[in-house]
Amino acid sequence: MNSYSRFSSKKLLHYLKIALTGRDTDFTKGSIRKAIFMLAIPMILEMMMESVFALVDIIYLSRVSVNAVATVGLTESVITLLYAVAIGLSMAATAVIARRVGEKNLKGARETAVQAIMIGTVISVVIGIIGVIYPREILTFMGGEPDLIEEGFGYTRILIGGNITIFLLFLINAIFRGAGDASIAMWALALSNGLNIILDPIFIFGFGPVPAYGVEGAAIATTIGRGTAVVFQLWLLFFGWSRIRLKISDWVLRTKVMWNLVKVSLGGIGQFLIGTSSWVVLMRIMSEFGSEVLAGYTISIRVMMFTMMPSWGMSNAAATLVGQNLGANQPDRAEKSVWKTGKYNAYFMLTVSLVYLLFARYIIGWFSEDPDVVKYGSLSLQVVAAGYIFYAYGMVVTQAFNGAGDTRTPTIINFFCFWLFQLPFAYLAALVLDWGPVGVYVGITLAETLIAVMALIWFKKGRWKTVKV
């Protein structure tokens, strides 16, 4: 028994080392459990580090003012529209590249990577120009009060104006994940996150020759951190150890490859635009209840994102496994990978939900001492976390569809659950029936649970196995 335990520990440490260092691994054969572990560990760490961005900003900005925290909430709700485009294109890149790697077609994977970066750059430049010119108008549209707008428009201008760093960070990491090089994506986020943690207090509160920029300083620090990580990613694409090694000769416009990416990404973009536009409307409803409620809601969402990100990491592992195994003509192995990943994700999310239900006020109290902020933030945390075990399967199965290139199915599900159910419910409950913020919280929980149920029913039909990309 002891010798077996020692053997298992050694084996686990061996696999962990491989997962973190990114050694070349074929995920289309061997143990499915091992494949999930090898992909999920770096992806979980990557997603957790992405969420640390949000938490670090909130920790520091909560010491500036309630308006500073609320500004982050309003700006982030608008930036989620950008995330929709970035994630939709990233899903397409992951699906197509994973399929090409499964087919052992690395040339096709390189061509896809280059076209994805070209598309992303053009889109982010256009959005950046809008952010630089109209930051006050954006915050006004989102319902920000006049004093909030004057304090926070610089944050909005810098973050949206420099959105190319967000876009390319998402997109290039998706390229690495599709190739099975999840550890590279993780290290890029580690660099970005580390710089953000160091620079945040310097630019927010001032240090030496650097003046105190307040809430605007958080945007400066985040943009520098992400921008540095993008330079690192590009260096790895050309000179690193990824399966995808780009050359100058690869940077040619290939309309057929680009159009294929666009077709696959349209479903993903639509899928996330539906979800994120719904998010914007929910934030607009919440703004009706004042800055304290809005700040509490923003903090709770940031806290939840911290634990949602590991779950997304496991879901992304499922997407890569589905794409590569379908490319290798192994649909049954792809399906088994999804069910196993969903089970592990459910264990994790159930544990997190219990922590939130029991310690919500204490957790929100880390970020604010305002009693109203703590009250509404903890209530949000408890109500939304009540459905976590459903979200676990919903996220994995949705990403499985996306990994197969079937972005249409999750789009239909999101349209029904978010626009036809969540938004009408939240509006009626919060503003017509006078439930207040609780109406929004309940609407989120019910909609996410419905998404999980519908996704599981559709997944069992198996049509995703026949999608060609």
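This is a short walk through the cores, helices, loops and a few single residues of a predicted model.

I'll start with the interior. The largest nonpolar core has 108 residues. Within that core, the residues that touch the most other members are Ile97, Ile244, Tyr297, Tyr356, Tyr388 and Val440. Which helix gives this core its largest share? That is helix H3, residues 66–102, with 20 residues. There is also a second core, separate from that one, made up of 20 residues. Its members include Ile274, Ala334, Ala404 and Phe459.

Take Val440 from the list of well-connected residues. With residues up to four places away in sequence set aside, Val440 touches Leu282, Ile285, Met286, Tyr297, Ala426 and Ala430. Tyr297 is itself on the list of residues with the most core contacts.

Next, a helix pair. Helix H11 covers residues 291–327 and helix H12 covers residues 331–365. Their axes lie 9 Å apart, and the packing angle is about 175°. Roughly antiparallel is the label for an angle over 145 degrees, so H11 and H12 are roughly antiparallel to each other. What is the contact of H11 with H12 made of, by class? There are 20 nonpolar residues, 8 polar ones and 1 charged.

The loop between H11 and H12 holds Asn329. The phi of Asn329 is positive, about 60°, although Asn329 is not a glycine. Is Asn329 buried or exposed? Its relative accessibility is 68%, so Asn329 counts as exposed.

A similar entry turns up elsewhere. Lys104 sits in the loop between H3 and helix H4, the latter being 106–133. Lys104 also has a positive phi, near 65°, and is a residue other than glycine. The relative accessible area of Lys104 is 58%, and the cut-off for exposed is over 50%, so this lysine is exposed.

Two helices can be checked against ideal geometry. Helix H16, residues 437–461, has 25 residues and should span 36 Å at 1.5 Å a residue. The end C-alpha atoms of H16 are 38 Å apart, which agrees. Val440, from earlier, falls within the range 437–461 of this helix. After H16 comes Gly462, with a positive phi near 80°.

The other one is helix H14, residues 388–403. From first C-alpha to last, the 16 residues of H14 reach 22 Å, close to the expected 22 Å. How many of the residues in H14 are buried? The count is 13 of 16, so to speak a mostly covered helix. H14 is followed by Gly405, and the phi of Gly405 is positive too, near 90°.

Now some single buried positions. Phe167 is in helix H7, residues 164–178. Its relative accessible area is 0%, and Phe167 is therefore buried. Leaving out neighbours within four places in sequence, Phe167 is in contact with Leu82, Val85, Ala86, Leu89, Gly120, Ile123 and Ser124. Val230 is 63 residues away from Phe167 in sequence, and the two C-alpha atoms are 9.5 Å apart.

Ala93 belongs to helix H3, the helix with the largest share of the main core. Ala93 counts as buried, at 0% relative accessibility. Its contacts, again without neighbours within four places, are Ala116, Leu171, Ile175 and Leu261. Ala93 and Ala113 are 20 residues apart along the chain, with 6.9 Å between their C-alpha atoms.

Ala317 lies in helix H11, and is buried with a relative accessible area of 0%. On the same terms, Ala317 is in contact with Ile36, Leu39, Ala40 and Met43. How far apart are the C-alpha atoms of Ala317 and Ile36? They are separated by 6.3 Å, with the two positions 281 residues apart along the chain.

Last, a glycine. Gly143 lies in the loop between helix H5, 135–141, and helix H6, 146–161. Gly143 is partly exposed, with a relative accessible area of 25%. Beyond residues up to four places away in sequence, Gly143 touches Arg284 and Ser287. Gly143 and Leu273, 130 residues apart in sequence, are 20 Å apart from C-alpha to C-alpha.

That is the end of the walk-through.

Notes. Residues numbered from 1 in each chain as written. Predicted model: local features only at pLDDT ≥ 70, side-chain atom pairs only at ≥ 80, totals over all residues. Heavy atoms only, no water. Core = buried A, V, L, I, M, F, W, Y, C linked by side-chain atoms within 4.5 Å. Buried < 20%, exposed > 50% of the residue type's maximum accessible area, 1.4 Å probe, protein only. Helix = DSSP H or I, 4+ residues; strand = E, 2+ residues; numbered from the N terminus. Contact = heavy atoms within 4.5 Å. Axes fitted to C-alpha atoms, helices over the stretch in contact; angles between N-to-C directions. Parallel < 35°, antiparallel > 145°, perpendicular 65-115°, else oblique. Nonpolar A, V, L, I, M, F, W, Y, C, P; charged D, E, K, R; others polar. Expected span 1.5 Å × (residues − 1).
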